[in-house]
Amino acid sequence: LLQPGVSVEHVDGAIVEEHRRRVVALEEGLLTTIGFNFESHPHGHEALLELCIELRLRDQTLLLAALRHLDALYLTDLVICYPPMHLAAAALMRTMHERKFPSFNLKKLMDVRFMINTDDLAKLWSEHQKHLDLINKAK
């Protein structure tokens with residue numbers, strides 16, 4: 001967009017916006033081509049509710065704590081790397097671990113029903129913790 005010797009003040013905002021729209025359209029076309037369906041992926045909050053229904057969890061404080069953990073995950077770029085069900089499961093597993101809640105049902109459900117390895121969830125959460133540490137250092 002910028003050529004050598006051209007300063008930012010001489011760039012037309014309309015041209016920049018047009019280039020941005022083209023790039024977004026090309027990205028969407030590419031993602032759709034490789035099989036990413038923008039309409040079919042549930043949000044992490046829906047996935048978390050689905051997990052709680054499957055596990056028959058009725059503890060509202062547990063659910064609210066898991067929602068807070070899930071919201072924290074959505075502040076990082078991990079939402080690009082992992083599907084919503086993984087994020088929801090990691091948030092719920094972390095909450096159960098913190099509250100000393102028996103999570104054996106969750107591990108079984110993850111392995112059998114959703115085919116999610118619980119080691120992957122632990123890795124996801126450690127990546128999240130690294131992100132938080134970097135953010136806290138920057139402050």
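Angles between helix axes under 35 degrees count as roughly parallel, over 145 as roughly antiparallel, 65 to 115 as roughly perpendicular, and the rest as oblique. The exercises below apply this to a predicted model.

**Exercise 1. Take stock of the fold.**
State how many helices and strands the protein has, and what share of its residues is buried.

*Solution.*
- Count the elements. There are seven helices and zero strands.
- Read them along the sequence. The pattern is α-α-α-α-α-α-α.
- Turn to burial. Of the 139 residues, 28% are buried.
- Look at the surface. The accessible area is about 9900 Å², and carbon and sulfur atoms hold 58% of it.
- Check the range of contacts. Among pairs at least 6 apart in sequence, 67% link residues at least 24 apart.

**Exercise 2. Classify the packing of helix 2 against helix 5.**
Find the angle and the axis distance, then name the class.

*Solution.*
- Locate the helices. Helix 2 covers residues 44-55 and helix 5 covers residues 84-98.
- Take the geometry. The angle is about 55°, and the axes lie 8 Å apart.
- Apply the cut-offs. About 55° fits none of the named ranges, so helix 2 and helix 5 are oblique to each other.
- Add the hand. This crossing of helix 2 and helix 5 is right-handed.
- List the partners. Helix 2 brings Gly44, Ala47, Leu48, Glu50, Leu51, Cys52 and Leu55. Helix 5 brings Pro84, Met85, Ala88, Ala89, Leu92 and Met96.
- Sort them by class. The contact has eleven nonpolar residues, one polar and one charged.

**Exercise 3. Repeat for helix 3 and helix 5.**
Classify this pair from its crossing angle, and give the hand.

*Solution.*
- Take the geometry. Helix 3 (residues 60-73) and helix 5 cross at roughly 130°, with axes coming within 8 Å.
- Apply the cut-offs. Roughly 130° lies outside the named ranges, so helix 3 and helix 5 are also oblique.
- Add the hand. Helix 3 passes helix 5 in a right-handed crossing.
- List the partners. Helix 3 supplies Leu62, Ala65, Ala66, His69, Leu70 and Leu73. Helix 5 supplies Leu87, Ala88, Ala91, Leu92, Arg94, Thr95, Met96 and Glu98.
- Sort them by class. Ten are nonpolar, two polar and two charged.

**Exercise 4. Place Thr95.**
Is Thr95 buried or exposed? Which residues does Thr95 contact beyond its neighbours within four places in sequence?

*Solution.*
- Find the element. Thr95 sits in helix 5.
- Compare with the cut-off. Buried means under 20% relative accessible area. Thr95 has 0% relative accessibility, so Thr95 counts as buried.
- Name the contacts. Leaving those sequence neighbours aside, Thr95 touches Leu62, Ala65, Ala66 and His69.

Note on methods:
Residues numbered from 1 in each chain as written. Predicted model: local features only at pLDDT ≥ 70, side-chain atom pairs only at ≥ 80, totals over all residues. Heavy atoms only, no water. Axes fitted to C-alpha atoms, helices over the stretch in contact; angles between N-to-C directions. Helix = DSSP H or I, 4+ residues; strand = E, 2+ residues; numbered from the N terminus. Left-handed = near helix turned anticlockwise from the far one by under 90°. Contact = heavy atoms within 4.5 Å. Nonpolar A, V, L, I, M, F, W, Y, C, P; charged D, E, K, R; others polar. Buried < 20%, exposed > 50% of the residue type's maximum accessible area, 1.4 Å probe, protein only. Areas by Shrake-Rupley, 256 points an atom, 1.4 Å probe, with all protein chains shown as cover.
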